[in-house]
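Here's a chain worth a slow look. Have the sequence and the model side by side before reading on.

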Amino acid sequence: MRVMLHAHIDTEAGNEAIRNGTLPQMMSKVTEQLKPEAAYFFPSMGRRSCMFFFDMQDSSQLPPVAETFFLELGAEVEILPVMNADDLKKGLQTLASLGNG
């Protein structure tokens with residue numbers, strides 16, 4: 001299932017991770033682990049933030065990913081199912097074929 005991970009990084013924890021050089025290493029580790037189809041980094045709500053869009057094969061992937069952000073960066077993390085345009089089209093076609101569209 002395609003999901004979006006959205007993390008808001010705690011400012012002080014992020015500052016420390018930049019000072020000690022662990023932030024680039026952590027982001028590389030997460031990127032390698034998730035193999036996202038897209039990853040974005042930006043300021044949001046006054047904090048460093050990031051979004052990763054990736055295929056979650058099994059819900060057991062959730063703890064290692066989320067805990068990395070919680071433990072290392074004091075982040076607030078959301079993980080939500082998402083669709084691209086092709087997924088939406090397929091879902092709407094399925095809905096129409098059931099007579100609900």
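What follows goes from the whole chain down to a handful of residues.

## The chain as a whole

One thing to keep in mind from the start: this is a predicted model. The protein chain has 4 helices and 4 strands. Walk along the sequence and the elements come in the order β-α-α-β-β-α-β-α. How does the radius of gyration of the protein chain sit against the globule rule? It comes out at 16 Å, well over the 13 Å that the rule gives for 101 residues, so the chain is more spread out than a compact globule. The box filled by the C-alpha atoms, taken along the principal axes, is roughly 55 × 30 × 20 Å.

Burial fits into the picture too: 31% of the 101 residues are buried. As for who touches whom, take the contacts between residues at least 6 apart in sequence; 70% of these join residues at least 24 apart. The exposed surface of the protein chain adds up to about 6500 Å², with carbon and sulfur atoms supplying 58% of it. On the charge side, there are 8 positive and 13 negative side chains, and the centres of the two sets lie 5 Å apart.

## Strand β1: a buried histidine

Now for single residues, beginning with H6. This histidine sits in strand β1, which covers residues 2-8. Is H6 buried or exposed? Its relative accessible area is 10%, and the cut-off for buried is under 20%, so H6 counts as buried. Its side chain also makes a polar contact, at 3.5 Å, with the side chain of H8. Setting aside residues up to four places away in sequence, H6 touches F42, S49, C50, M51, E76, V77 and E78. One of these, F42, belongs to strand β2 (38-44), while S49, C50 and M51 fall in strand β3 (47-55).

## Helices α2 and α3

Helix α2 spans residues 22-34, and P24 is part of it. M27 lies in that helix as well. The two residues fare in opposite ways: P24 is exposed at 52% relative accessibility, whereas M27 is buried, with a relative accessible area of 11%. P24 can also be placed relative to A13, which is 11 residues away along the chain: their C-alpha atoms are 13 Å apart.

What does M27 touch beyond residues up to four places away in sequence? The list is I9, F41, C50, F52, F69 and L73. C50 turns up here and in the list for H6 too.

Over in helix α3, residues 62-73, we find A66. T68 is in helix α3 as well. A66 is buried, with a relative accessible area of 8%, and T68 is buried at 7%. The side chain of T68 has a polar atom 2.8 Å from the backbone oxygen of P64. Leaving out neighbours within four places in sequence, T68 is in contact with M26, K29, V30 and L73. Among them, M26, K29 and V30 have numbers that fall within helix α2, so to speak of one helix here soon leads to the other. L73 is shared by the contact lists of T68 and M27.

Two C-alpha separations involve these helix α3 residues. M27 and T68 are 41 residues apart along the chain, and their C-alpha atoms are separated by 9.8 Å. A66 and L98 are 32 residues apart, and their C-alpha atoms are separated by 37 Å.

## Two loop residues with positive phi

Finally, a look at the loops on either side of strand β2. K35 lies in the loop between α2 and β2, and M45 is found in the loop between β2 and β3. Neither is a glycine, yet phi is positive in K35 and in M45. Are K35 and M45 buried or exposed? K35 counts as exposed, and M45 counts as exposed too. Their values are set out below.

| Residue | Loop | Phi | Relative accessibility |
|---|---|---|---|
| K35 | between α2 and β2 | near 50° | 65% |
| M45 | between β2 and β3 | near 55° | 63% |

Key:
Residues are numbered from 1 along each chain as its sequence is written. This is a predicted model: local features need pLDDT of at least 70, side-chain atom pairs count only at pLDDT 80 or more; totals for chains, interfaces and linings use all residues. Side-chain values use heavy atoms; hydrogens and water are left out. Buried means under 20% relative accessible area, exposed over 50%, partly exposed in between (1.4 Å probe, protein chains only). A polar contact is a pair of N or O atoms within 3.5 Å; within protein, one must be able to donate a hydrogen and the other to accept it, and residues adjacent in sequence count only if both atoms are side-chain atoms. Contact means heavy atoms within 4.5 Å. The radius of gyration is taken over C-alpha atoms; the globule rule is 2.2 Å times the number of residues to the power 0.38. Accessible areas come from the Shrake-Rupley method with a 1.4 Å probe; for residues, only the protein chains shown count as cover. Lys and Arg count as positive and Asp and Glu as negative; His and the chain ends are not counted. The place of a charge is taken as NZ of Lys, CZ of Arg, CG of Asp or CD of Glu.
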